[in-house]
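Got your viewer open? Let's take a short walk through this model, one selection at a time.

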Amino acid sequence: MTSSSNGDLGDGYYLTVEQENENADAVFKGINRLYEGDPAPSSPFTELLNIDNGEPLGQGGMKRLVPWEGSRSASSSDFMIVVTDPRPKSVELRTAMKRLAGALSADMLAKCVVINTDTPAENRRFVKKNFSEDSGADKMTVLTDEKMDWMREYTALGEKRFSISMFILKEGRCEKIAREVEAESMTETVKNAIRGLVNTLCTTLICIACPACGSNSAARGLDLMHSLSLLVIVFFT
């Protein structure tokens, strides 16, 4: 892996060497945390607070947010990007949000969910001060995890210290996970992780279309085609 200014992300990777080694060490030690491919539970989203009214999302709000639970604004095979940080008024998280807002398309930002421990009122103040309604950044969803229940369920508190974590969730699974992400590398981490998701979708489509793989699931293929078309739109518009 070749190093870059973002610590190995220049070659299209979404994890640095240090992150890969840390993850391998966690697997070896049997540390209890979510790993890529593990189920992504939906129920923890119900207790997150809407920053507009301070109320929990509840079942209805969770279903509107989470694609595989029946979101009306997305296909069930769509994905969501979750960026989370348990530190209150985290300068790193706020810097990461600004960088994402300036680098990602409106379509991509609409898939982003930021979860922190700041009060709904504090989050409203930050969003109002930093993101105008016509900037596209207002499409990001910001939610409050006041008691850190979501973060505990998703093992996003860290074993050694609090930091930023990034999850790409799709069809009830953790597709990509990056822990201890630096604010400066957040944009590359997200973009490279989604490129990896594109590659996975393409490989799966080839397998579905291949008679030797023994799969002729037309419905599954159409779902994947829809996801892939959304990703292409995100990257090339």
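Start by selecting R94, M97 and K98 in helix α3, then add E122, F126 and N130 in helix α5: here the two helices meet. Sort the residues of this contact by type and you get two nonpolar, one polar and three charged. Keep in mind as you look around that this is a predicted model.

Now widen the selection to the whole helices, residues 91-103 for α3 and residues 120-130 for α5. How far apart are their axes, and at what angle do the helices pack? The axes are 12 Å apart, and the angle is about 40°. Angles under 35 degrees would count as roughly parallel, and 65 to 115 as roughly perpendicular, so α3 and α5 are oblique to each other. Their crossing is right-handed.

Next stop: aromatic rings. The structure holds six aromatic pairs. Select F45 and W150, which form an edge-to-face pair, with 5.7 Å from centre to centre and 70° between the planes. Along the chain these partners are 105 residues apart: F45 is in the loop between α1 and β1, while W150 belongs to helix α6 (residues 149-153). Are they buried or exposed? F45 and W150 are both buried.

Keep F45 selected and add Y154. That gives another edge-to-face pair, F45 with Y154, at 6.1 Å centre to centre and 75° between the planes. Y154 is in the loop between α6 and β5, 109 residues away from F45 in the chain. Y154 is buried too, like F45.

For the last view, show F45, W150, Y154 and F167 together: ring pairs link them into a cluster.

Notes
Residues are numbered from 1 along each chain as its sequence is written. This is a predicted model: local features need pLDDT of at least 70, side-chain atom pairs count only at pLDDT 80 or more; totals for chains, interfaces and linings use all residues. Side-chain values use heavy atoms; hydrogens and water are left out. Axes are lines fitted to C-alpha atoms, for helices over the stretch in contact, and angles run from 0 to 180 degrees between N-to-C directions. Helices (H or I, at least four residues) and strands (E, at least two) are DSSP runs, numbered from the N terminus. Angles under 35 degrees count as roughly parallel, over 145 as roughly antiparallel, 65 to 115 as roughly perpendicular and the rest as oblique. A crossing is left-handed if the near helix is turned anticlockwise from the far one by less than a right angle, and right-handed if clockwise. Contact means heavy atoms within 4.5 Å. Ala, Val, Leu, Ile, Met, Phe, Trp, Tyr, Cys and Pro count as nonpolar, Asp, Glu, Lys and Arg as charged, and the others, Gly among them, as polar. Rings of Phe, Tyr and Trp (its six-membered ring) pair if their centres lie within 6.5 Å; planes under 30 degrees apart count as stacked, over 60 as edge-to-face and the rest as tilted. Buried means under 20% relative accessible area, exposed over 50%, partly exposed in between (1.4 Å probe, protein chains only).
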